[in-house]
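Subject: Structure handover

Hello,

Here is the structure I promised to pass on. Please open it first, then read my notes below.

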Amino acid sequence: MSVDLVTVGVVRGKLTYAAEEMGIALRKSAYSPNIKERMDHSCAIFDAKRRLVAQAEHIPVHLGSMIVAVQQGLASYRGDLEEGDMLLFNDPYISGTHLPDITLIAPVYYRGEVIAYVANKAHHSDVGGKAPGSMPGDSAELFEEGIIVPPVKFVKKGRIDRELAEVILSNVRTPRERMGDLRAQVAANLLGIRRVIELAEKYGVERLEAAMEEIMAHSERMMRRELEKIPDGVYRAEDYLESTGTSDDPVRIAVEVTVKGSCIKFDYTGTSPQVDGPVNAPFGVTLAGVFYVMICVTDPSIPVNDGCYRPIEVHVPEGTLLNPRRPAAVCGGNVETSQRNVDVLFRALAQAVPDRVCAAGSGTMNNISVGGVDPESGELWAFYETIGGGYGARPGLDGVDGVHVHMTNTMNTPIEAIEAQFPILFLSYKLREDSGGPGKWRGGCGIERSWKLLAPSATLSVLAERNKMRPWGLMGGLEGAAGEHLIVRRGRAIRLKSKCTVRLQKGDVLVVRTPGGGGYGSPLERSIELVLKDVRNGLVSPEAARRHYGVAVDPRTLAVDYEETRKLRSREVSCLSKPLS
């Protein structure tokens with residue numbers, strides 16, 4: 001059945017906003033700060049053939065892997081999904097991410113037939129396991145990371161299965177919060193079902209299905225046109241994770257990108273084998289990174305659906321870091337390895353389309369999980385957040401300061417919300433001076449965030465990266481600053497590894513300093529006025545302005561000595577390219 005382009009455009013817009021509306025419902029109904037404040041959730045709509053048709057602008061690592069989750073989740077479920085049923089699961093080897101991400105899928109029935117599926121994925125602040133927050137920095141196998149739920153009917157004919165809910169809730173530290181978030185996921189799917197049915201009633205099922213087909217075909221045509229603009233060739237790159245959580249040895253990610261006409265292939269042969277630590281990334285995570293980068297380097301206005309991914313082929317050898325075998329631990333692969341995968345892909349594609357690639361961002365989600373017993377209520381508590389860093393500089397633009405980059409697209413968790421709910425007192429929250437990589441276009445600055453524990457004790461897990469291997473610059477730009485994590489106990493600073501699980505005592509202060517983004521272009525080509533502005537804003541110190549940019553700024557008056565600056569910039573001084581100690 002043919003359908004006019006106006007109808008196709010209207011249906012596409014309505015489906016996309018239906019997914020956005022699902023996210024709004026999920027966020028507003030949720031109990032946990034991680035979802036209602038940080039927006040750690042994603043929503044999408046699939047056709048009856050389980051192909052992605054529309055998605056909200058949520059989290060790249062969720063959305064790309066949701067394609068795997070819907071297809072594998074429905075395929076592996078043994079029963080039938082009837083009207084009013086919803087399928088729940090978090091098994092990473094089916095859902096494609098990690099255990100805290102719980103996926104909920106619902107069929108859309110219209111006049112007795114399935115015409116679509118709606119799905120959402122939300123990160124729960126605790127799903128059990130060896131450490132509060134279910135993100136231990138040193139897990140060696142999946143079973144240490146939380147309860148594993150295969151695809152099961154969580155909602156049966158419109159009602160939550162209370163017995164199943166009790167099984168799940170008895171395995172987590174914060175059951176009331178978990179149940180609130182699960183109900184929010186159910187509410188989101190109910191809204192999505194209603195919106196799709198409204199379209200079926202307005203246009204009829206045949207026209208709706210024809211419009212969906214054309215929406216996907218249009219995206220495929222757009223993606224193929226964009227791929228034809230990339231020079232044919234083979235582009236290779238590699239980068240490393242600095243540790244595994246159980247070992248300080250670096251782990252290699254290697255990719256070979258082959259562009260030929262309107263097709264592109266990604267081959268990860270040469271990537272390190274899976275490891276005995278939490279940084280293994282399920283195939284869905286790897287796929288999500290590829291999809292994200294392809295939208296970034298082509299045309300971001302391409303409607304994201306099954307069609308735009310049809311020209312893309314991905315090969316990842318089984319048993320490697322980016323496609324591990326069960327029961328490899330994976331909680332950090334979703335958040336850390338996904339970021340390094342993006343860095344590797346950008347580094348490869350910078351050889352083909354340098355004007356479309358930014359320098360490396362902070363390269364980490366800076367995961368902090370902490371929990372214990374509330375001293376007032378006597379109940380268990382668990383808190384999880386990620387902390388922003390610097391975005392990499394781009395041709396013609398500085399990197400963005402203090403944001404979540406690439407595979408995460410979450411918001412800041414307000415310190416007021418944290419202090420109101422958890423025994424934590426914040427002491428600082430600011431941008432890090434001199435953390436952005438120097439360049440003609442400066443890398444974004446990282447963040448310093450510190451808080452004091454008010455409870456008698458707690459367990460802290462850190463899952464981070466780029467504490468030893470700094471974010472790289474491009475086209476002569478310099479590296480961003482490395483991150484660091486400290487516990488200050490009775491005036492003494494204890495440096496933590498980037499992946500660890502440790503005990504905290506009352507009064508301990510956690511200090512997190514996140515990496516900055518890499519710079520783009522030679523720092524000596526940066527506008528003197530821009531350097532001065534950064535100094536006055538506290539983003540670059542007078543010392544760094546002189547050393548990296550050759551700009552002499554008086555630290556007392558914050559004025560430029562233009563004669564001294566001219567001399568500095570006219571001389572070939574090697575120290576100008578040395579990083580600050």
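In which sense do strand β4 and strand β5 pair, and over how many bridges? They pair in the antiparallel sense, over 10 bridges. β4 covers residues 101-110 and β5 covers residues 113-123. One pair to look up: proline 107 has tyrosine 117 in β5 as its bridge partner. Please keep in mind that this is a predicted model.

Both strands belong to an open sheet of seven strands. The order is β2-β1-β5-β4-β3-β6-β7, and the pairing is antiparallel. β2 and β7 (159-160) are the edge strands, each pairing on one side only. As background, the strands of a sheet pair through backbone hydrogen bonds.

Next, β8, β9 and β10. Strand β8 (residues 233-241) runs antiparallel to strand β9 (residues 251-260), and nine bridges join them. Here glutamate 238 has alanine 254 in β9 as its bridge partner. On to strand β10 (residues 263-267): five bridges join it to β9, again antiparallel. Threonine 258 stands opposite lysine 265 in β10. β9 and β10 form a hairpin with two residues between them. Glycine 261 sits in that turn, with a positive phi of about 65°.

Now the cores. The largest nonpolar core has 83 residues. Phe266 and Tyr268 have the most contacts inside it. α8 gives the most to this core, with 10 residues. A second, separate core has 57 residues, including Ala188, Ile193, Tyr203 and Ala210.

Tyrosine 268 is worth a look in the viewer. Leaving out residues up to four places away in sequence, its contacts include Ile253, Ala254 and Val255. Among the others are Thr286, Val290, His315, Pro317, Asn341 and Leu345. Ala254 thus appears twice in these notes: it touches tyrosine 268, and it is the bridge partner of glutamate 238.

Last, the pocket. The largest one has a volume of about 660 Å³. It is lined by 27 residues, and the closest to its centre are Gln55, Ala56, Glu57, Ile295 and Val304. Which elements each supply at least two residues of the lining? They are α1 (5-29), β2 (52-55), α3 (60-76) and α8 (283-297). The largest share, five residues, comes from α8. By class, the lining has 17 nonpolar, seven polar and three charged residues.

One element links two of these topics. α8 gives the most to the largest core and the largest share of the pocket lining.

Best wishes

Conventions. Residues are numbered from 1 along each chain as its sequence is written. This is a predicted model: local features need pLDDT of at least 70, side-chain atom pairs count only at pLDDT 80 or more; totals for chains, interfaces and linings use all residues. Side-chain values use heavy atoms; hydrogens and water are left out. On a 1 Å grid over the protein atoms alone, a cavity is a set of points where a 1.4 Å probe fits but cannot get out, and a pocket is an open set with protein on both sides within 12 Å along at least five of seven lines; lining residues have an atom within 4 Å of a point. Grid points are joined across faces, edges and corners, and a volume is the space filled by probe spheres set on the points. Helices (H or I, at least four residues) and strands (E, at least two) are DSSP runs, numbered from the N terminus. Ala, Val, Leu, Ile, Met, Phe, Trp, Tyr, Cys and Pro count as nonpolar, Asp, Glu, Lys and Arg as charged, and the others, Gly among them, as polar. A nonpolar core is a set of buried Ala, Val, Leu, Ile, Met, Phe, Trp, Tyr and Cys residues joined through side-chain atoms within 4.5 Å. Buried means under 20% relative accessible area, exposed over 50%, partly exposed in between (1.4 Å probe, protein chains only). Contact means heavy atoms within 4.5 Å. Two strands pair if DSSP finds at least two bridges between them.
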